[in-house]
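This report follows the nonpolar surface and the buried interior of one protein chain. The account begins at the outside and then moves inward.

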Amino acid sequence: VTGFSVHLLVLASLTAAPLLSQVPLAVVWGVFLFLGAKVLTGNQFVDRTKALLVDTNRLDPADSVERSILELGRRPVLRFTFVQVACLTLLWLLKLNKLTSMIFPSVIGVLLVLRATLIPRVFTPRQLLTLDTEMGN
């Protein structure tokens with residue numbers, strides 16, 4: 001399916017707008033809840049957070065996220081996850097405040113600089129290779 005045909009289908013769906021007003025709001029919320037839960041499956045951050053709560057003896061070495069805990073130990077994985085939580089919290093707080101929400105896209109750029117410069121000083125290359133996606137050259 002081409003991008004043009006997708007856009008045509010979206011345009012055609014506008015004709016169904018009166019029908020969509022008949023759908024109960026609880027159904028719409030349910031669809032969004034389902035989609036949100038579906039997006040979280042396979043997310044490294046969520047999988048790593050769940051794996052950190054499991055006893056080391058029960059981790060599966062075949063799973064890449066759980067294997068990272070077995071290879072590196074809990075402390076570096078916990079530290080890396082904490083850095084991610086801190087960045088996510090910063091973004092969330094900036095978004096909540098109307099005065100700072102305008103600089104939200106700029107902060108995403110700052111996070112890229114942070115990842116490229118500061119994070120390699122805190123973690124070894126082996127830890128970053130195991131925990132994070134590869135940086136482009």
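## Surface patch and buried core

In this predicted model, helix H3, which spans residues 25-40, is the element that gives the most to the nonpolar patch, with eight residues. The patch lies on the surface and is formed by Leu 20, Val 23, Leu 25, Val 27, Val 28, Trp 29, Val 31, Phe 32, Phe 34 and Leu 35, which together have about 1,000 Å² of accessible area. Trp 29, one of the residues in this patch, is found in helix H3.

Is Trp 29 buried or exposed, and which of these words applies to Gln 127? With a relative accessible area of 58%, Trp 29 is exposed because its value lies over the 50% cut-off. Gln 127, which is found in helix H9, has a relative accessible area of 12% and is therefore buried, the cut-off being under 20%.

| Residue | Helix | Relative accessible area | State |
|---|---|---|---|
| Trp 29 | H3 | 58% | exposed |
| Gln 127 | H9 | 12% | buried |

Turning to the interior, helix H5 (residues 64-72) has Val 65, Glu 66, Ser 68, Ile 69 and Leu 72 as buried residues. Because these residues cover an arc of only 150° around the axis, they are on the same side of H5. What covers the buried residues of H5 includes helix H4 (44-52), helix H6 (74-96) and helix H9 (125-131). After H5 comes Gly 73, whose phi is positive, near 95°.

The largest nonpolar core has twelve residues, namely Ala 51, Leu 52, Leu 59, Val 65, Ile 69, Leu 72, Val 77, Phe 80, Ile 119, Phe 123, Leu 128 and Leu 131. Two or more residues of this core come from each of the elements H4, H5, H6 and H9, and H5 gives the most, with three residues.

Two sets of contacts add detail here, in both cases leaving aside neighbours within four places in sequence. Phe 123, a member of the largest nonpolar core, is in contact with Pro 76, Arg 79, Phe 80, Val 83 and Leu 128, once its neighbours within four places in sequence are left aside. With the corresponding neighbours left aside, Gln 127 is in contact with Leu 72, Pro 76 and Arg 79, so that Pro 76 and Arg 79 appear in the contacts of Phe 123 and of Gln 127.

How values were computed: Residues numbered from 1 in each chain as written. Predicted model: local features only at pLDDT ≥ 70, side-chain atom pairs only at ≥ 80, totals over all residues. Heavy atoms only, no water. Patch = residues over 30% accessible without salt bridge, like charges linked within 9 Å, V, L, I, M, F, W, Y side chains within 5 Å. Areas by Shrake-Rupley, 256 points an atom, 1.4 Å probe, with all protein chains shown as cover. Salt bridge = Lys/Arg side-chain N within 4 Å of Asp/Glu carboxyl O. Helix = DSSP H or I, 4+ residues; strand = E, 2+ residues; numbered from the N terminus. Buried < 20%, exposed > 50% of the residue type's maximum accessible area, 1.4 Å probe, protein only. Arc of directions from axis to C-beta. Contact = heavy atoms within 4.5 Å. Core = buried A, V, L, I, M, F, W, Y, C linked by side-chain atoms within 4.5 Å.
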